[in-house]
Every structure is written in C-alpha cells, then in structure tokens.
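Welcome, and thanks for taking a look at this one with us. Below is a short tour that goes from the whole chain down to a single helix.

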Amino acid sequence: MELLANFAQAFIGVFQTGGETFVGLLTGIVPTLVCLMTAVNALVKFVGEDRVNRWGESASRVAPLRYTVMPVMAVFFLTNPMAYTFGRFLPEKYKPAFYDAAVSFVHPILGLFPHANPAELFVYMGIAQGIQQLGLPVGELAIRYFIVGVIVILIRGMVTERLTLRMAKQQGIEL
C-alpha cells in the first residue's frame, strides 16, 4: 500500500514540476518575447515593411554580409532566441545558412554584449575566470572571442549554404 502511495506521489510530482516550469516560462521569457516581437513588428511597420524587406534582400545578395552583418545585428538587437526571426528577410534558399550563422554567434557575442544571451553567460564567465587567474586581461579575450565568432559564422554560413543548395538539387527541390 505504501509503495502504491509513493508511486502516486512521484507520478503527480512529475506533473507538478512540469506545471511549475510552465508557469516560470509564462512569467519569464514568454512576456519578454511577446513584447520584443511586438516592438520589432511595430518598428518594421513604422519604417515600412517594403523598406525593411528591400534592405534584407539587398544584404542577402552579398554572402559576407548575409553571414556576418545580418547575424551580428540580429543577435545584438533581438537576442537569443528572437534573433532567428531575422531570417524572414531572406529568400528561402538562404534561411538554413542564416540560422546556422546566427545560432553559432550567440556565444561569441557574450564577452562584449552579455544581454544577447544571458542564459549562457556562465560559459563565457567560466572561461574569463580562468583567464583572470592566469593574470591575463579579459577585455582582449572578449574582443578575440567576438572576432573569431564572426569568422566562424561566415565560414559556417557559406558551407551550410553550399550544402543546402547541393542537397536541394540532389532531391529535386527548387529553392
């Protein structure tokens, strides 16, 4: 009888923990994302959707801009995870590569701009603590981390673009 009661308690405990997590999301990240989405959509409406789309289209024509400037701006202004919506301004064939570049940049930006991905700041801070213990400057680490991040997202974006186009061609998908 006690075993059955313990099982029932553990069973309902799983759902109580799930409910607490759900409420945490509803009172934490969800309102922030809704407000951020509203602000970005309002800004797009104020500037003009046609102008914003033209800017995105013109930036998407040049691969280095598509996989450096756009992801950096997206992560800086919209932060993680909202940054990935910046891909809406790109043609379909570039969206997978843009996502790869943007998702790869949410860590390198932290040293200079911690607001971009505060949930993962502990990774950078762990590295920075090791650098400080060695008596080295953390500012230089942040700048190098950022520069290497931009180089990596450019490479990842261009490689993912080529892979996407090759796979689409092999499967007969027209992008």
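**Briefing: overall build and one helix**

In this predicted model, 29% of the 175 residues of the protein chain count as buried. The protein chain has 7 helices and 0 strands, and from the N terminus on its elements read α-α-α-α-α-α-α. The radius of gyration of the protein chain is 21 Å, well over the 16 Å from the globule rule for 175 residues, so the chain is more spread out than a compact globule.

**Dimensions and contacts**

- Taken along the principal axes, the C-alpha atoms of the protein chain fill a box of roughly 70 × 50 × 40 Å.
- If we consider contacts in the protein chain between residues at least 6 apart in sequence, 63% of them join residues at least 24 apart.

**Surface and charge**

- The protein chain has an accessible surface of about 11,300 Å², and carbon and sulfur atoms account for 68% of that surface.
- The protein chain carries 13 positive and 11 negative charges, and the mean positions of these two groups lie 13 Å apart.

**A closer look at helix α5**

- Which residues of helix α5 are buried? Helix α5 spans residues 95-105, and its buried residues are A97, F98, D100, A101, A102, S104 and F105.
- Two other helices help to cover these buried residues of α5: the cover includes α4 (63-78) and α7 (138-170).

Notes: Residues numbered from 1 in each chain as written. Predicted model: local features only at pLDDT ≥ 70, side-chain atom pairs only at ≥ 80, totals over all residues. Heavy atoms only, no water. Helix = DSSP H or I, 4+ residues; strand = E, 2+ residues; numbered from the N terminus. Rg over C-alpha atoms; globule rule 2.2 N^0.38 Å. Buried < 20%, exposed > 50% of the residue type's maximum accessible area, 1.4 Å probe, protein only. Contact = heavy atoms within 4.5 Å. Areas by Shrake-Rupley, 256 points an atom, 1.4 Å probe, with all protein chains shown as cover. Lys, Arg positive; Asp, Glu negative; His and termini not counted. Charge placed at Lys NZ, Arg CZ, Asp CG, Glu CD.
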